[in-house]
Amino acid sequence: MKFHFLTIFPEMINAYTGEAMLKRAKDKKLADFVAVNIRDYSKDKHGKTDDRPYGGGPGMVMTAEPILRAFSKLKATSSAKASARQGKFKVVMLSPSGKMFTNTVAKKFAKSYTDVVFICGRYEGVDDRVRKILKADEYSIGDYVLTGGELPALVMTDAIVRQIKGVLGDEASLEEARVASPRVYTRPETLIWPPASAKATTRQRKYKVPNVLKEGNHKKIEEWRLSTQASSKQKKQTK
Ligand code: SAM
């Protein structure tokens, strides 16, 4: 599956996709990531990609033409043409007022598409004719406003890539394939904090791993994990 990012900050994309799970997915040839610098498609001698908004108001708007030119170049490749013919080519615009991106959407993307193009907005957003011309779907990653579309595009990419078969070494480590808990523990069995060597202003205490996780009763462990899911959700709702 190939992920294209149209952005004025390609290094942000390269930094994240060049590490950890995404890098491993690329090394295994299960995913590929290409950051395209929109500035390279500006005809302005200073590489300008924004302009004042029609109707007035604060801030700048990203102009359509550099984005459309960058898109045409990537769409002209034979692999992009092939995915488009099969209905497996998807264009996404990141927007705080888009449809909410969820794990269900991530699974659908991993199943349905072989090429995903993210248009990463900045400033006050992207000239809306880009959405219309490219028939892009708008997605939001949450009810807050960020300064740009790069993080949302990477959030979506991360969630989609972990749904691609073979990316997570152990299929069972997909959250939904098992009873997962937000409360997880590893060594040491008893954590003493703060350490004796520290000039502590707080009293040293022992933090133990819950007994149920050490007793080897898988039914009880599963029940305990389910109960922690419920209690952490309840706490979130009452906040
Ligand atoms: N004036 C725009 C609006 O109300 O929709 C906000 C633009 S925002 C400051 C700049 C860019 O960040 C957007 O074009 C979008 O690409 C991205 N962005 C910000 N928050 C986002 C969110 N919650 N989900 C997805 N993208 C977001």
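**Figure 1. P188 and its cis peptide bond.** P188 sits in the loop that runs between α7 and β8 (190-193). The model shown in this and the following views is predicted. R187 and P188 are joined by a cis peptide bond. Omega of this bond is about 0°.

**Figure 2. P194, at another cis peptide bond.** P194 has its place in the loop between β8 and β9 (205-208). The cis bond here joins W193 to P194. Its omega is about -5°.

**Figure 3. Domain layout of the protein chain.** Domain 1 covers 2-173. Domain 2 covers 179-238. The C-alpha centres of domain 1 and domain 2 are 38 Å apart.

**Figure 4. Helix α7, residues 150-161.** The helix has 12 residues, and at 1.5 Å a residue it should span 16 Å. Its end C-alpha atoms are 16 Å apart, so the model agrees with the expected span. How many residues of α7 are buried? The count is 9 of the 12, so α7 is largely enclosed by the rest of the structure. The buried residues are E150, P152, A153, L154, M156, T157, A159, I160 and V161.

**Figure 5. T157 in its surroundings.** T157 is found in helix α7. Its relative accessible area is 0%, so T157 is buried. Leaving out residues up to four places away in sequence, T157 touches F3, F5, L22, F33 and F118.

**Figure 6. The largest nonpolar core.** In soluble globular proteins, nonpolar side chains tend to be buried together. The largest nonpolar core of this model holds 29 residues. Which of them touch the most other members? They are F3, F109, F118, M156 and V161. Two or more residues of this core come from each of β1 (2-7), α2 (20-27), β5 (89-100), α5 (103-112), β6 (115-119) and α7. The most come from α7, which gives 6 residues. Another core lies apart from this one and has 22 residues. Among its members are I8, I38, A64 and V126.

**Figure 7. Contacts of F109.** F109 is among the core residues that touch the most other members. Neighbours within four places in sequence are left aside here. Beyond them, F109 is in contact with M1, K90, V92, V116, Y139, M156 and I160. M156 and I160 are also among the buried residues of α7.

**Figure 8. The ligand and the residues around it.** There are 18 residues around the ligand. Which of them come nearest? L94, I141, G142, Y144 and L146 do. The close-up picks out three atom pairs between the ligand and the backbone. A polar backbone atom of L94 is 2.9 Å from an oxygen atom of the ligand. For I141, a backbone N or O atom lies 3.1 Å from a ligand nitrogen atom. At L146, a polar backbone atom is 2.9 Å from a nitrogen atom of the ligand.

**Figure 9. S42 in its loop.** S42 lies in the loop between β2 (32-37) and β3 (50-51). Is S42 buried or exposed? Its relative accessibility is 15%, so S42 counts as buried. Outside its neighbours within four places in sequence, S42 is in contact with G47, K48, T49, P66 and R69. The S42 side chain reaches the backbone oxygen of K48 at 2.8 Å. Q86 stands 44 residues from S42 along the chain, and their C-alpha atoms are separated by 31 Å.

**Figure 10. Helix α3, residues 64-75.** The expected span of this helix is 16 Å, from 12 residues at 1.5 Å a residue. Its end C-alpha atoms are 16 Å apart, which agrees. The buried residues of α3 include A64, P66, I67, L68, A70, F71 and L74. P66 is also one of the contacts of S42. A64 is one of the residues in the core of 22.

**Figure 11. Positive phi at A20 and Y123.** A20 lies in helix α2. Its phi is near 55°, a positive value in a residue other than glycine. Y123 has its place in the loop between β6 and α6 (129-134). Phi of Y123 is positive too, at about 55°, although Y123 is not a glycine. Y123 has 38% relative accessibility, so Y123 counts as partly exposed.

Notes:
Residues numbered from 1 in each chain as written. Predicted model: local features only at pLDDT ≥ 70, side-chain atom pairs only at ≥ 80, totals over all residues. Heavy atoms only, no water. Helix = DSSP H or I, 4+ residues; strand = E, 2+ residues; numbered from the N terminus. Expected span 1.5 Å × (residues − 1). Buried < 20%, exposed > 50% of the residue type's maximum accessible area, 1.4 Å probe, protein only. Domains from an automatic or database assignment. Core = buried A, V, L, I, M, F, W, Y, C linked by side-chain atoms within 4.5 Å. Contact = heavy atoms within 4.5 Å. Near = heavy atom within 4 Å. Polar contact = N/O pair within 3.5 Å; in protein donor to acceptor, adjacent residues only side chain to side chain.
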